Amino acid sequence: MTSAEVTSAEVTRRRLMGLGLGALAGVSAGCSGDSGPVRRLRLATGPEGGPYNAFGQALAQAVAASGRRIEIVPVSTAASVDNLRKLDDGSVELALAMADAAEDAVLGREPFPRPTAATALARVYVNYTHLLVPAAGPVRSVGDLAGRPVASGAAGSGVQVVAERVLRAAGLDGAPASEAAAADERQLGLAPSVSALREGSVDALFWSGGVPTPALADLARELPLRFLPLDAHVGALRERYGPVYSAVTLPAGVYGLTEPVGTIGVGNYLLARADLPPGAVRDLLQVVFDRWRDLLREVTAGARLEPRFAISTGEVPLHPGAVAHYRSVYG
């Protein structure tokens with residue numbers, strides 16, 4: 001994490017973790033005993049076969065094997081935006097969401113009509129924004145997408161949020177001030193997007209996920225692809241939306257790339273309703289940190305989950321039970 005990524009909210013968070021939280025930790029520990037009924041927690045994930053759903057299923061299995069008095073029930077959804085809405089209306093207790101959508105929710109920015117009382121348990125891994133086109137085609141930059149059909153993520157997904165913002169930064173969102181024709185956005189999930197690119201009904205595909213994403217790796221073995229660099233847009237996105245966006249690199253070797261490709265990174269948060277008891281949060285985080293290798297294995301290669309990374313949740317406040325957990329375990 002660079003110094004630029006440390007927001008004022010994070011500084012405040014770290015100060016709080018260093019002060020007077022022993023009592024809260026004690027309360028949390030008292031709530032998470034080994035007796036009593038099992039607490040059933042519904043976790044909003046994503047579409048079946050997607051990375052959020054894979055993470056949710058792995059977490060449910062890890063929690064079940066831990067013997068703790070909680071049960072995780074993964075719920076298939078459209079992903080980030082949909083998950084935050086479900087968290088807000090109480091139809092789930094936990095959710096996974098991309099950092100940009102989560103900050104929009106807690107700040108009450110579009111598409112959320114009012115602030116959502118979501119809290120963070122951990123920043124679990126980083127999504128890499130992929131923008132890919134057929135290597136034999138004419139598209140070599142985001143600007144070349146003007147007037148062309150683009151698979152920009154399923155409705156209610158975090159992919160759609162970042163895709164729209166990239167297109168807006170490039171002047172391809174159809175705004176009156178833009179001189180370029182808007183891209184023709186098609187709201188498609190990952191599997192339909194892959195099929196559409198293969199069949200030629202779209203000229204480009206946006207995706208935000210771990211590296212490598214298996215569906216894209218499979219496609220790259222069938223169809224020569226070009227991955228477009230997006231790192232030039234990081235500054236504009238950070239200026240408008242804050243440090244939820246960072247510059248990252250698709251490394252050479254993945255997807256058959258012969259050289260690295262700069263792109264946009266977005267964190268993924270494990271979130272909870274603010275009224276979830278601290279003891280349940282602490283039990284859950286103990287499993288997450290005990291089993292993070294298993295949880296991330298099917299989601300993103302080479303990722304690690306470390307406390308200093310996990311508490312970096314920007315404008316999204318940590319749940320009091322999460323603060324107690326990090327303070328009691330890591331000091």
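**Overall architecture and local environments in the predicted model**

The protein comprises 13 helices and ten strands. The structure described here is a predicted model. Of the 331 residues in the protein, 51% are buried. Among contacts with a separation of 6 or more, 76% are made by residues 24 or more positions apart. The area exposed by the protein amounts to about 13800 Å², of which carbon and sulfur atoms contribute 51%.

Strand pairing is illustrated by S1 and S2. Strand S1, spanning residues 39–44, pairs with strand S2, spanning residues 70–75, in the parallel sense, and six bridges join the two. Within this pairing, Leu43 is positioned opposite Pro74 of S2. The connection from S1 to S2 passes through helix H3 (residues 51–66), giving a β-α-β crossover that is right-handed.

Helix H8, formed by residues 214–222, contains the buried residues Leu216, Ala217 and Leu219. These buried residues line one face of the helix, because they fall within an arc of 160 degrees when H8 is seen down its axis. Arg221 and Glu222, on the other side of H8, are exposed. The cover over the buried residues of H8 is provided by elements including two strands that flank the helix in numbering, S7 (204–209) and S8 (225–227), together with strand S4 (118–134) and helix H7 (190–199).

Two individual residues were examined in further detail. Ser80 belongs to helix H4, which covers residues 80–89. Its relative accessibility is 1%, and Ser80 therefore counts as buried, the cut-off being under 20%. A polar atom of the Ser80 side chain lies 2.9 Å from the backbone nitrogen of Met98. When residues up to four places away in sequence are not counted, Ser80 touches Tyr52, Leu96, Ala97, Met98 and Ala101, as well as Gly156, Ser157 and Gly158. Met98 thus appears both in this set of contacts and as the partner of the Ser80 side chain through its backbone nitrogen.

Ala252 is located in the loop that lies between strand S9 (245–250) and strand S10 (261–273). With a relative accessible area of 44%, Ala252 is partly exposed, since this value falls between the 20% limit for buried residues and the 50% limit for exposed ones. Apart from neighbours within four places in sequence, Ala252 is in contact with Leu257, Thr258, Glu259 and Pro260.

Notes
Residues numbered from 1 in each chain as written. Predicted model: local features only at pLDDT ≥ 70, side-chain atom pairs only at ≥ 80, totals over all residues. Heavy atoms only, no water. Helix = DSSP H or I, 4+ residues; strand = E, 2+ residues; numbered from the N terminus. Buried < 20%, exposed > 50% of the residue type's maximum accessible area, 1.4 Å probe, protein only. Contact = heavy atoms within 4.5 Å. Areas by Shrake-Rupley, 256 points an atom, 1.4 Å probe, with all protein chains shown as cover. Pairing = 2+ DSSP bridges. Right-handed = clockwise from strand over helix to strand, strands pointing away. Arc of directions from axis to C-beta. Polar contact = N/O pair within 3.5 Å; in protein donor to acceptor, adjacent residues only side chain to side chain.
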